[in-house]
Each structure stands twice: as C-alpha cells, then as structure tokens.
Amino acid sequence: MKAQNVLKMEILSRSSNESFARVSVAAFVSQLDPTIEEISDIKTAVSEAVTNCIVHAYKDGIGKIYITVKIFEGGTVSIKIRDTGCGIEDIHKAMEPLFTTAGGERAGLGFAVMQSFMDKVRVTSAVGRGTSVTMSKKISTQESIPASGKSEQTDGGK
C-alpha cells in the first residue's frame with residue numbers, strides 16, 4: 001500500500017529534541033483530525049521511542065535519530081523511529097516490563113507503554129548497528145462521529 005503523505009526528519013539524540021519530535025509527529029498526524037486521545041497516545045509512544053534512543057542507543061554519546069511518519073488511505077499512521085546506536089542484544093527480554101539496561105530511576109516500561117497506546121509495535125535490532133521501532137495506529141474517521149458526540153439513533157423506519 002502506498003502512503004498518501006510522508007514526513008521524514010533527523011534529529012540528534014539530545015533530550016531537548018524529544019519534545020520536538022513528539023510535537024512534530026503530532027502536528028503531521030493532525031491532518032487526519034484525530035481525537036485528543038488518539039493524538040495523546042501517539043505523542044506518548046513517540047516520546048518513549050525517542051527517549052529509548054537517547055538513553056539506551058547512544059548511552060554516553062550523541063547520535064542521530066531518524067523518524068519517518070507515513071499516512072495511508074483509511075487513516076492508518078505508521079511511525080518508524082530508528083537509531084544507529086549499540087543495538088539490543090535480546091529484544092524479547094528488552095520488551096519485558098521493568099527490564100532496563102540504564103539502571104537508576106528508569107522503570108523499564110518504554111516498550112510496554114508503546115504497545116498499550118499503539119495498535120501494533122514491531123522492534124528490530126542488530127548489536128552494534130542500531131534499532132528500529134515501527135508503530136502503527138488506525139485513526140478513527142471523524143465523519144463517523146456525529147457532531148453532538150452521541151451515537152446516532154434511527155427511528156425504526158417510521
């Protein structure tokens with residue numbers, strides 16, 4: 001399926017760029033007229049993925065984070081966040097809630113949060129080469145939601 005619109009951006013793995021990435025992706029997705037909940041879900045998932053790049057991929061250095069957002073017919077959004085950092089040795093272990101390599105105050109819930117807010121999350125990684133997180137979410141079409149916010153009722157054919 002061919003994307004109807006695409007956003008590509010590259011940022012440095014500085015914590016100051018996390019909010020920029022989150023807001024940029026949200027602004028791009030807003031053309032689909034998502035609900036406040038849907039846009040909040042996307043912002044949270046992007047924030048977690050970018051933070052993982054900053055905290056884990058480049059650890060004590062600065063690297064590049066590549067973000068690609070695609071919008072498909074029917075309102076599906078695909079967001080790919082990729083780094084060329086250290087990679088993940090065991091993806092299944094890394095995706096377990098409470099697992100973290102950072103220690104300290106890190107809760108190890110990043111992937112669990114992404115999975116709870118997005119319809120699909122796929123992680124690929126190669127040690128020494130980097131990690132890609134691809135997330136997708138179907139945005140509800142606003143045309144199917146009545147302006148009053150209440151469900152439509154029929155008169156039973158009367």
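## From one strand residue to the core and its salt bridges

Leaving aside residues up to four places away in sequence, T68 touches V6, L7, K8, S78, I79 and K80. The model in which these contacts are found is a predicted one, and every value below is computed from its atoms. T68 has its place in strand β2, and with a relative accessibility of 18% this residue counts as buried, because the limit for that class is under 20%.

I67 offers a second view of the packing. Again not counting residues up to four places away in sequence, I67 is in contact with L7, K8, M9, I11, A21, V25, V50, K80 and I81. I67 is also named, together with I79, I81 and M135, among the residues with the most contacts inside the largest nonpolar core, a set of 35 residues. Elements that each supply at least two residues of this core are β1 (5-12), α1 (18-29), α2 (36-57), β2 (64-72), β3 (76-83), α4 (110-117), β4 (120-126) and β5 (130-138). Which of these elements gives the largest share of the core? It is helix α2, from which 9 residues come. As background to such a grouping, nonpolar side chains in soluble globular proteins tend to be buried together.

The aromatic rings can be taken next. A search of the whole structure for aromatic pairs finds 0 of them. A charged side chain does, however, sit against a ring: R82 lies over the face of Y66, at 4.3 Å from the ring centre.

The charged side chains also meet one another, and the count of salt bridges comes to 3. In one of them the side chains of K64 and E10 come together at 3.3 Å, taken from N to O. This pair links distant parts of the chain, since K64 belongs to strand β2 and E10 to strand β1, with their positions 54 residues apart in sequence. Both partners fall in the intermediate class of accessibility, K64 being partly exposed at 37% and E10 partly exposed at 47%.

Another salt bridge joins the side chains of R22 and E18, with an N to O distance of 3.0 Å. Here both residues lie in helix α1, 4 residues apart, which is about one turn of the helix. Are these two partners buried or partly exposed? R22 counts as partly exposed because its relative accessibility is 24%, whereas E18 is buried, with a relative accessible area of 13%.

The side chains of K137 and D41 form a further salt bridge, at 3.3 Å from N to O. K137 lies in strand β5 and D41 in helix α2, so this pair ties together parts that are 96 residues apart in sequence. Both K137 and D41 are buried. The two elements that hold this pair, β5 and α2, are also listed among those that each supply at least two residues of the nonpolar core.

The cysteines complete the picture. How many disulfides does the model contain? The count comes to 0, where a disulfide would require a pair of cysteine sulfur atoms within 2.5 Å. As for the surroundings of individual cysteines, C53 counts as buried at 4% relative accessibility, while C86 is partly exposed, with a relative accessible area of 29%.

Terms used. Residues numbered from 1 in each chain as written. Predicted model: local features only at pLDDT ≥ 70, side-chain atom pairs only at ≥ 80, totals over all residues. Heavy atoms only, no water. Buried < 20%, exposed > 50% of the residue type's maximum accessible area, 1.4 Å probe, protein only. Core = buried A, V, L, I, M, F, W, Y, C linked by side-chain atoms within 4.5 Å. Contact = heavy atoms within 4.5 Å. Phe/Tyr/Trp six-rings, centres within 6.5 Å; stacked < 30°, edge-to-face > 60°. Lys NZ or Arg CZ within 6 Å of the ring centre and 35° of its normal. Salt bridge = Lys/Arg side-chain N within 4 Å of Asp/Glu carboxyl O.
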